[in-house]
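Biologist: Could you take me through this model slowly, and each time I ask about a word such as buried or exposed, set the value beside the cut-off before you conclude?

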Amino acid sequence: MRPYVVTEGRAHPSRSTLDLVTLLIAADGPSPSGLGPEKRRLTELCRPGALSVAEVAGYLSLPVSVTKVLVADLMDSGHIVALAPIPAALPSDARILKEVLDGLRARL
């Protein structure tokens, strides 16, 4: 099936906050009845636990851009909840790392 059929002719999601590593979880709220097959499958994939946008695209065999449109629609309708990816850790202070290393060397 052509991507424009799946997205009902839209090329851009209604939200620009979706990233490849954004985690998706199915909401307990609305019933998936009345959704198209791709949207229903997407909610089923996210029901047991969180999946990233990239993983969902892989499971659905759809381009990421199409998946983002579907996810945004499901977020707007309350079927999917998105969690921001865990931010990268700040680099550690080199002085603290040196003290830990010196402490470990002293014990060995």
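Modeller: Let us begin with helix α2 in this predicted model, where the buried residues pack against β1, β2 (51-52), α3, α4 and β3 (80-83).

Biologist: Which residues of α2 are buried, and how do you know that they line one face of the helix?

Modeller: The buried residues in α2 are Lys39, Leu42, Thr43, Leu45 and Cys46. Looking down the axis of α2, one finds these buried residues within an arc of 160°, so they line one face of the helix.

Biologist: Why is Thr43 called buried?

Modeller: The relative accessible area of Thr43 is 1%, and buried means under 20%, so Thr43 is rightly called buried. Leaving aside neighbours within four places in sequence, Thr43 is in contact with Ala26, Pro32, Leu35, Leu74, His79 and Ile80.

Biologist: What makes the approach of the Thr43 side chain to the backbone oxygen of Arg40 a polar contact?

Modeller: The side chain of Thr43 reaches that backbone oxygen of Arg40 at 2.7 Å, and the cut-off for a pair of N or O atoms is 3.5 Å, so the distance lies within the limit.

Biologist: Where does Thr22 lie, and why does Thr22 count as buried?

Modeller: Thr22 is found in the loop between α1 (3-6) and β1. Its relative accessibility is 3%, which is under 20%, so Thr22 counts as buried. A polar atom of the Thr22 side chain lies 2.8 Å from the backbone nitrogen of Asp19, and, with neighbours within four places in sequence left aside, the contacts of Thr22 include Leu51, Ala82 and Pro85.

Biologist: Which elements give two or more residues to the largest nonpolar core, and how many residues does that core have?

Modeller: The largest nonpolar core has 19 residues, and Leu24, Leu42 and Val56 are among those with the most contacts inside it. The elements that give two or more residues to this core are β1 (23-26), α2 (37-46), α3 (53-60) and α4 (64-76), and α4 gives the most, with six residues.

Biologist: Is Ser61 buried or exposed, and what is its phi?

Modeller: Ser61, in the loop between α3 and α4, has a relative accessible area of 65%; exposed means over 50%, so Ser61 is exposed. Ser61 has a positive phi of about 55°, although it is not a glycine. Most residues other than glycine have a negative phi.

Definitions and conventions: Residues are numbered from 1 along each chain as its sequence is written. This is a predicted model: local features need pLDDT of at least 70, side-chain atom pairs count only at pLDDT 80 or more; totals for chains, interfaces and linings use all residues. Side-chain values use heavy atoms; hydrogens and water are left out. A nonpolar core is a set of buried Ala, Val, Leu, Ile, Met, Phe, Trp, Tyr and Cys residues joined through side-chain atoms within 4.5 Å. Buried means under 20% relative accessible area, exposed over 50%, partly exposed in between (1.4 Å probe, protein chains only). Helices (H or I, at least four residues) and strands (E, at least two) are DSSP runs, numbered from the N terminus. A polar contact is a pair of N or O atoms within 3.5 Å; within protein, one must be able to donate a hydrogen and the other to accept it, and residues adjacent in sequence count only if both atoms are side-chain atoms. Contact means heavy atoms within 4.5 Å. The arc is that of the directions from the helix axis to the C-beta atoms.
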